[in-house]
Amino acid sequence: MPRKILQNINTDFFHVIVQGINKEYIFNQEVFMNKYLKLIYEYLNKFNINLISYCIMGNHTHMLIECKKNENLSSFMKIINQKFAQYYNYKKDRVGTVFRDRFLYEPIYNQTYLLNCFVYIHNNPKKANIVANHSDYKYSSYNDYINKTGVASSNNINLLFNTKNYLSFFKELHSRGTYALDIDITPSEILNLKIKEFESQNFTNLKSILQNPNQIANLIIYLKSSYSPLKLSDIDISKELNLSVNQIRYLLKKGNI
């Protein structure tokens, strides 16, 4: 069954991460990197998923995905992770969980952040000091966009850059530092992202929300009930909203959460 939160997000774009259980290096051999990439491509069309960019690292994988029917994302990730886990366990003669979670995801609501995430994904191997140049890394979509192959379709190029003559801008973007959802993200960073989601969905801002008790209650309920890659405690929320824990719990009780 698809995660309910994905059915309530008003965007087609997601930054998706999968990671090995206990941060294990499940992609540390080419046979496993190739298998996971093969599974991604095998099921894209079945679930009407558009892969914009990707990077497979030793213990995790990043993908930037366009999905017109958000509920398809859960189904897509479920099957590729199940298939990979079966293959990995067979090859390693092991049993048990392979992935840390089904997947982590971050909704993307604007073009600036879409480009930011796109570049961040390709920057992973350089950030980890695995390669000196983006083009030296085999298991990312960076070279697709250099050579106009693979995921660098005309649609994706136009989606990202709105021009066919994008290469100089593409290279310039990759020379800059960027931020996007990472494996070691903190509760405060998650809360900031989820508050932005709530602001976007309700056409408001945090300052206005904090002036309206009903809106505060709705925001707190959203923070507690929507999907998060980390568990958000009442203390985390109270610090972020500058409210007492008792106020948080009162509003949650009022909203039957």
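Biologist: Which element gives the largest share of the lining of the second largest cavity?

Modeller: Strand 1 does, with three residues. Keep in mind that this is a predicted model. As for the general idea, a probe the size of a water molecule is rolled over the atoms, and this shows where empty space is left. Here the second largest cavity has a volume of about 40 Å³. Its lining is made of Ile17, Val18, Gln19, Arg100, Asp101, Phe103 and Leu104.

Biologist: How do the residues of that lining divide into nonpolar, polar and charged?

Modeller: The lining of the second largest cavity has four nonpolar residues, one polar and two charged. By the rule used, the count is two cavities of 30 Å³ or more.

Biologist: What volume does the largest pocket have, and which residues lie nearest its centre?

Modeller: The volume of the largest pocket is about 270 Å³. Of its 13 lining residues, Glu106, Pro107, Tyr113, Leu193 and Lys196 lie nearest the centre. Two elements, strand 4 and helix 7 (187-202), give two or more residues to this lining. Helix 7 contributes the most, six residues. By character, the lining of the largest pocket splits into six nonpolar, three polar and four charged residues.

Biologist: Strand 4 came up there. How many of its residues are buried?

Modeller: A residue is called buried when its relative accessible area is under 20%. In strand 4 (residues 104-108), five of the five residues are buried, so the strand is largely enclosed by the rest of the structure.

Biologist: Which residues point which way from strand 4?

Modeller: Leu104, Glu106 and Ile108 point one way, Tyr105 and Pro107 point the other way, and all are buried.

Biologist: Does strand 1 run parallel or antiparallel to strand 4, and how many bridges join them?

Modeller: Strand 1 (residues 13-19) and strand 4 run antiparallel and are joined by five bridges. To place the pairing on the model, start from Phe13, which stands opposite Ile108 in strand 4.

Biologist: Now a helix. Which residues of helix 6 are buried?

Modeller: In helix 6 (residues 167-174) they are Phe170, Leu173 and His174. Viewed down the helix axis, the buried residues of helix 6 fall within an arc of 95°, so they line one face of the helix. What they pack against is helix 3 (111-127), helix 4 (142-147) and helix 5 (154-161).

Biologist: How should I read a single residue? Take Tyr36: where is it found, and what does it touch?

Modeller: Look up its element, then its accessibility, then its contacts. Tyr36 is found in helix 1 (residues 30-44). Its relative accessible area is 0%, so Tyr36 is buried. Not counting residues up to four places away in sequence, Tyr36 touches Val18, Phe27, Ile56, Thr61, Met63, Met77, Ile80, Asn81, Phe84 and Phe99. One of these, Ile80, is 44 residues from Tyr36 along the chain, yet their C-alpha atoms are separated by 7.5 Å.

Biologist: And Ser53: is it buried or exposed?

Modeller: Ser53 is at 0% relative accessibility and therefore counts as buried. It lies in strand 2 (residues 49-56). With neighbours within four places in sequence left aside, Ser53 is in contact with His62, Met63, Leu64, Phe118, Ile121, His122 and Ser141. Met63 is among the residues that Tyr36 touches and among the contacts of Ser53.

Notes: Residues are numbered from 1 along each chain as its sequence is written. This is a predicted model: local features need pLDDT of at least 70, side-chain atom pairs count only at pLDDT 80 or more; totals for chains, interfaces and linings use all residues. Side-chain values use heavy atoms; hydrogens and water are left out. Buried means under 20% relative accessible area, exposed over 50%, partly exposed in between (1.4 Å probe, protein chains only). Helices (H or I, at least four residues) and strands (E, at least two) are DSSP runs, numbered from the N terminus. The arc is that of the directions from the helix axis to the C-beta atoms. Contact means heavy atoms within 4.5 Å. Two strands pair if DSSP finds at least two bridges between them. On a 1 Å grid over the protein atoms alone, a cavity is a set of points where a 1.4 Å probe fits but cannot get out, and a pocket is an open set with protein on both sides within 12 Å along at least five of seven lines; lining residues have an atom within 4 Å of a point. Grid points are joined across faces, edges and corners, and a volume is the space filled by probe spheres set on the points. Ala, Val, Leu, Ile, Met, Phe, Trp, Tyr, Cys and Pro count as nonpolar, Asp, Glu, Lys and Arg as charged, and the others, Gly among them, as polar.
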